[in-house]
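Subject: The structure I mentioned

Hi,

Here is the structure I promised to pass on. Have it open while you read the notes underneath.

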Amino acid sequence: MHTKSLLSLLALASVPLASASNGKGSGKSCSHKGLDWYAKKAGLKYFGAATDSPGQRERAGLESAYPKYDEIMWKSGEFGQTTPTNGQKWLFTEPTQGTFNFTEGDIVASLAHQHHKLLRCHALVWHSQLAPWVDSSSANWTKDELRSIIVSHITNVMTHYKGQCYAWDVVNEAFNEDGTYRESVFSTVLGGDEFIQLAFETASKLDPQAKLYYNDYNLESPSAKTEAVRKLVRQLQNKKIKIDGVGLQAHLTAESRPTLDEHVAAIKGFAELGVEVALTELDVRLEMPANATNLAQQKEAYKNAVGACVQVDGCIGVTIWDFYDPFSWVPAVFPGEGAALLWFGDFSRHPAYEGVVEALTNKTQGHNGKGPRGVKRWVA
Ligand code: XIL
């Protein structure tokens with residue numbers, strides 16, 4: 001599902017502006033209560049959007065949209081949190097061994113600081129967007145060498161961002177769908193258990209303020225993969241290694257979206273282990289072009305996901321993976337799919353925006369059609 005060569009695909013990407021006439025307003029957002037406001041009223045810590053430094057945005061040539069984009073991203077009150085979509089990844093932070101570069105990550109971190117947004121930091125150990133020197137086939141690391149590479153990377157990156165991150169995604173996407181460890185240089189040389197433990201153990205010594213998360217996709221409905229992540233959490237806890245949260249990326253598809261009950265069950269499955277849960281990269285892609293049918297499905301998908309987070313104690317926040325369709329990663333990676341976010345190319349809002357507001361204001365319907373479910377935290 002996740003292509004191994006995201007970067008080369010990106011280079012080839014040429015995507016039409018997603019736009020549909022949806023009868024919604026202009027997206028002007030200063031005069032209305034933003035999603036973050038609703039989220040906080042519903043008891044969440046934040047509703048956020050990931051963003052990239054201008055140099056790394058998915059599509060060049062959209063500079064004229066930046067003022068409007070920046071206004072919504074930073075000034076509208078829609079978002080209380082952000083995550084750098086790329087700049088803190090290994091490929092950018094340690095492109096050659098021992099040489100660290102925080103330029104891109106710092107752009108987003110300092111904008112977040114300037115605009116009082118909570119910062120989620122992403123991602124320390126991941127098989128993808130890894131600097132090629134780490135998994136080049138000629139490297140042949142010994143266990144000791146790879147251990148010290150992981151420790152050095154985490155130590156340098158976390159030390160640089162110390163005090164700035166609400167949370168760190170310490171390990172990203174370590175499991176296959178069947179719950180086995182994904183093949184990567186880390187699992188091949190050290191084994192899944194060992195590299196994950198090492199990563200969390202190292203991270204736990206570096207920034208006491210940062211919550212340490214395991215983050216992955218397809219964790220939104222109970223499955224072999226969610227069971228494997230639950231097992232991992234228990235394993236770390238039994239070894240007294242700090243893990244504070246599980247991030248559910250929530251890269252969903254409109255046409256085959258999880259039900260509200262599936263989301264609730266998956267989130268509860270983690271929360272009951274005593275870790276917090278966040279939806280960390282929510283987007284809902286659809287088969288292009290967007291039309292009334294798939295936009296309605298998308299609205300339900302967003303509403304189910306956000307509604308479940310609101311309903312389950314321990315789910316603390318929702319981040320969408322950028323908010324503006326032209327900057328979404330989806331069209332480059334899933335050909336033929338797109339319009340996955342809440343704002344179209346012309347800055348009008350998707351119907352799903354209202355779905356999110358409904359979910360945040362206690363209007364999420366149960367699957368049994370018996371009407372709104374009790375949402376514990378909404379305060380009128
Ligand atoms: C994506 C970015 O959005 C793209 O810009 C980049 O080219 C590839 O990565 N899971 C993750 C994110 O954890 O870091 C990925 O972000 C999307 C999938």
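Below is what turned up, grouped by part of the chain.

Before you start, this is a predicted model, so local features need pLDDT of at least 70 and side-chain atom pairs count only at pLDDT 80 or more, while totals for chains, interfaces and linings use all residues. Residues are numbered from 1 along each chain as its sequence is written, and side-chain values use heavy atoms, with hydrogens and water left out.

A word on labels: helices (H or I, at least four residues) and strands (E, at least two) are DSSP runs, numbered from the N terminus.

Let's begin with strand S9, residues 315–320. Six of its six residues are buried, so S9 is largely enclosed by the rest of the structure. Buried here means under 20% relative accessible area, with exposed being over 50% and partly exposed in between (1.4 Å probe, protein chains only). Which strands pair with S9? Strand S1 (residues 46–49) does, in the parallel sense over four bridges, and strand S8 (residues 276–287) pairs with S9 in the parallel sense over four bridges too. Pairing requires that DSSP finds at least two bridges between the strands. Look for Ile320 in S9: its bridge partner in S1 is Ala49, and Leu282 stands opposite Ile320 as well. To get from S8 to S9 the chain passes through helix H12 (residues 292–311), and this β-α-β crossover is right-handed. That term applies if, with the strands pointing away from the viewer, the path from the first strand over the helix to the second runs clockwise.

Next, helix H7 (residues 143–160). Its 18 residues should span 26 Å at 1.5 Å a residue, and the end C-alpha atoms are indeed 26 Å apart. (The expected span is 1.5 Å times one less than the number of residues.) The buried residues of H7 are Leu146, Ile149, Ile150, His153, Ile154, Val157 and Met158. Seen down the axis, they fall within an arc of 135 degrees, so they line one face of the helix; the arc is that of the directions from the axis to the C-beta atoms.

Now the disulfides, meaning pairs of cysteine sulfur atoms within 2.5 Å. How many are there in the whole structure? The search finds two. One joins Cys121 to Cys165, S to S 2.1 Å. Cys121 sits in strand S3 (residues 118–126) and Cys165 in the loop between H7 and strand S4 (167–172), so the link ties together parts that are 44 residues apart in sequence. Cys121 is buried at a relative accessible area of 0%, and Cys165 is buried at 4%. Cys309 and Cys315 form a disulfide with their sulfur atoms 2.1 Å apart; the torsion about its S-S bond is about -100 degrees, so it is left-handed.

Last, the aromatic rings. The whole structure holds 24 aromatic pairs. Rings of Phe, Tyr and Trp (its six-membered ring) pair if their centres lie within 6.5 Å; planes under 30 degrees apart count as stacked, over 60 as edge-to-face and the rest as tilted. Phe79 and Trp343 are edge-to-face, 5.8 Å centre to centre with 65 degrees between the planes, and both are buried. Phe323 and Tyr324 make a tilted pair, 6.4 Å centre to centre and 40 degrees between the planes. These four residues belong to one aromatic cluster, which also includes Phe47 and Tyr66.

Cheers
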